[in-house]
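Me: Could you take a close look at a single metal site for me and explain how the chain builds it? I am in my first year, so please spell out the terms as you go.

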Amino acid sequence: MRGLFSRPERPWHQLEVDLHSHSRVSDGTLAPAAVVARAHAAGVRLHALTDHDETGGIAEAAAEAGRLGMAFVAGVEISVSWAGETIHVVGLRISAEDPALGTGLARTRAGRDERAREIGRQLERAGVPRAYEGALRHVGNPALISRMHFARHIIDTGLCANTGEVFSRYLSAGRPGYVAHRWAELDEAVGWIRAAGGVAVLAHPGRYRLDEGGLWALMTEFRDVGGTAIEVVSGSHRPDQYRRFADFAREFGFLASRGTDFHSPGESRVDFGVLPPLPDSVEPVWRDWPEAAGLLADSGAPAAGHAGLARSRA
Ligand code: AMP
Ligand code: MN
Ligand code: MN
Ligand code: MN
């Protein structure tokens, strides 16, 4: 019955799709298989694991998704430096074993440990005891130490109550534990994703310290270097930002993505299964994916509209 009331002309908007999440392979706390199982239990039908600068969790996640019968695409979230700001670019439907992507990600990860030691020194001067060692205790992958691991240590010490407080007091730009870092270039990150057969998605555009003109410049360059989509409904966005970035997507001709940016039970702002659907005004990035077509066929939704659209875009 549900199909009668759920806009059958736009069935792909109604799929429970989550294309942004993290495991212990980067700065989440769950194993890749446990992230996938949690998404599945919350009703997610099409999922992507998108660890920071690392695809080491994809094989485990894909195997678990296969076991559960959930559609899954391989993903990654690449750290980029652009105009002095850190930007995140998600790659979806990548080939995780692609050598050009692998080399690029290894290079992007390479400076993390040195940066973390400096973050540790600065935090100790600011009164955080044994900061680097404490962060390391939370690390699941020694190649991928992130500010999130420091945040968990600072919470352990009792200095802050939650990650939001840690970031505003210690880890954001201008705070005592912030160490500027040079990540990948925007065109490189998009190029690696495309070389690996994937789609480049600008992650949580509402999180950057950019005004309207800055966002305009970022999206123009992102489109020019081969970016395809932007996150519209994100666990990192407020509801008013869903509308704002839906407008950006239409303006720039980007497809729209949706994902929680899940990191950890009880710690992430948003858990799987709770975000609203994409606004009707945008086209989902999964619209032409075979993984989504299979789900629509299973749900008895009219497949002809989908196939027709796929042909018209080919
Ligand atoms: P890094 O890649 O080491 O700079 O760490 C960035 C990570 O810190 C992000 O991926 C988020 O998981 C987390 N993060 C950044 N800013 C915040 C914030 N304001 N509140 C909570 N977590 C944050
Ligand atoms: Mn993170
Ligand atoms: Mn991010
Ligand atoms: Mn993320």
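Reply: **The site of ligand 2**

The manganese ion (ligand 2) has as its protein donors Asp27 (OD), Asp27 (OD), His52 (NE2) and His263 (NE2), which lie 2.2 to 2.7 Å from it. Donors here are N, O and S atoms within 2.8 Å of the metal (3.2 Å for Na, K and Ca), and water is not among the atoms, so sites may look incomplete. Before going on, note that this is a predicted model, in which local features need pLDDT of at least 70, side-chain atom pairs count only at pLDDT 80 or more, and totals for chains, interfaces and linings use all residues. Residues are numbered from 1 along each chain as its sequence is written, chains are lettered from A and ligands numbered from 1 in the order in which they are written, and side-chain values use heavy atoms, with hydrogens and water left out.

Now the geometry. The six donor atoms of the manganese ion (ligand 2) make angles of 52 to 152 degrees, and the site is irregular. That word covers anything outside these classes: four donors are tetrahedral if all angles lie between 85 and 135 degrees; four are square planar and six octahedral if opposite donors are over 155 degrees apart and all others between 65 and 115.

Along the chain, the donors of the manganese ion (ligand 2) follow the spacing D-x24-H-x210-H. His52 sits in the loop between β2 (46-49) and α4 (58-68), and His263 in the loop between β7 and α13, so this pair ties together parts 211 residues apart in sequence. Helices (H or I, at least four residues) and strands (E, at least two) are DSSP runs, numbered from the N terminus. Both His52 and His263 are buried, meaning under 20% relative accessible area (exposed is over 50%, partly exposed in between; 1.4 Å probe, protein chains only).

The two histidines also meet ligand 1. An oxygen atom of ligand 1 is 2.8 Å from an N or O atom in the side chain of His52, and one is 2.9 Å from an N or O atom in the side chain of His263.

What other metal ions accompany the manganese ion (ligand 2)? The manganese ion (ligand 3) is 5.6 Å from it, and 4.6 Å separate the manganese ion (ligand 2) from the manganese ion (ligand 4). The manganese ion (ligand 4) is coordinated by His20 (NE2), His22 (NE2), Glu77 (OE) and Asp261 (OD), at 2.1 to 2.2 Å. Of these residues, His22 and Asp261 are both buried.

Methods:
Polar contact = N/O pair within 3.5 Å; in protein donor to acceptor, adjacent residues only side chain to side chain.
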